[in-house]
Amino acid sequence: MFDPAEVRGLLIEAARTRQVFTYGALLNILGHTFTRPLMRQLCKVLDRIDEDGRACGEPGLAVLVVRQSDGLPGQGWFVGRTEVHDDLPLAWEGPEARRYTEARQAEAFDYWNAA
């Protein structure tokens with residue numbers, strides 16, 4: 001349903017401009033309105049993009065897609081990375097999650113601005 005190359009390109013451009021997307025805004029750019037099933041499909045593509053990027057030594061890009069309500073990635077982003085990152089916060093909401101998210105976003109911003 002979603003072209004990983006297209007989504008990756010949008011995320012790289014966002015990183016280069018130090019921007020983030022809400023799930024709804026990214027779905028809109030891709031020509032869809034927000035629904036939970038579409039968001040779940042998008043999240044699968046975001047996970048694949050991050051897995052492929054990790055294999056190439058790149059920082060994650062999925063962290064640039066956040067909830068409108070609090071500016072943090074969804075719970076699935078945190079849960080799905082527990083075996084990848086040993087410094088993941090225990091809570092996926094609150095100040096610790098925000099600091100962690102902002103640090104991962106900064107990594108993506110810095111990487112794609114140096115590339």
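Contact here means heavy atoms within 4.5 Å. The exercises below concern a predicted model.

**Exercise 1.** Determine which residues touch the most other members of the largest nonpolar core, and which helices supply this core.

*Solution.* Begin with the membership: the largest nonpolar core has 30 residues, and V7 and L11 touch the most other members. Next, assign the core to helices: helix 1 (4-16), helix 2 (23-29), helix 3 (36-55), helix 4 (75-79) and helix 5 (95-114) each supply at least two residues. Of these, helix 3 gives the most, with 6 residues. Finally, list the partners of L11: setting aside residues up to four places away in sequence, L11 touches F21, L26, L46, I49, L61, L64 and V65.

**Exercise 2.** Establish whether V66 is buried or exposed, and identify its contacts.

*Solution.* First, locate the residue: V66 lies in strand 2. Buried requires a relative accessible area under 20%. V66 has a value of 3% and is therefore buried. Then consider its contacts: beyond neighbours within four places in sequence, V66 meets V20, F21, T22, Y23, G71, L72, P73 and Q105. For T22, the C-alpha atoms of the two residues are separated by 4.7 Å, although V66 and T22 are 44 residues apart along the chain.

**Exercise 3.** Test the span of helix 5 against expectation, and state what its buried residues pack against.

*Solution.* At 1.5 Å a residue, the 20 residues of helix 5 should span 28 Å; the end C-alpha atoms are 28 Å apart, so the two values agree. The buried residues in helix 5 are A97, Y100, T101, R104, Q105, A108, F109 and W112. These residues pack against helix 1, strand 2 (65-66) and helix 4.

How values were computed:
Residues are numbered from 1 along each chain as its sequence is written. This is a predicted model: local features need pLDDT of at least 70, side-chain atom pairs count only at pLDDT 80 or more; totals for chains, interfaces and linings use all residues. Side-chain values use heavy atoms; hydrogens and water are left out. A nonpolar core is a set of buried Ala, Val, Leu, Ile, Met, Phe, Trp, Tyr and Cys residues joined through side-chain atoms within 4.5 Å. Buried means under 20% relative accessible area, exposed over 50%, partly exposed in between (1.4 Å probe, protein chains only). Helices (H or I, at least four residues) and strands (E, at least two) are DSSP runs, numbered from the N terminus. The expected span of a helix is 1.5 Å times one less than its number of residues.
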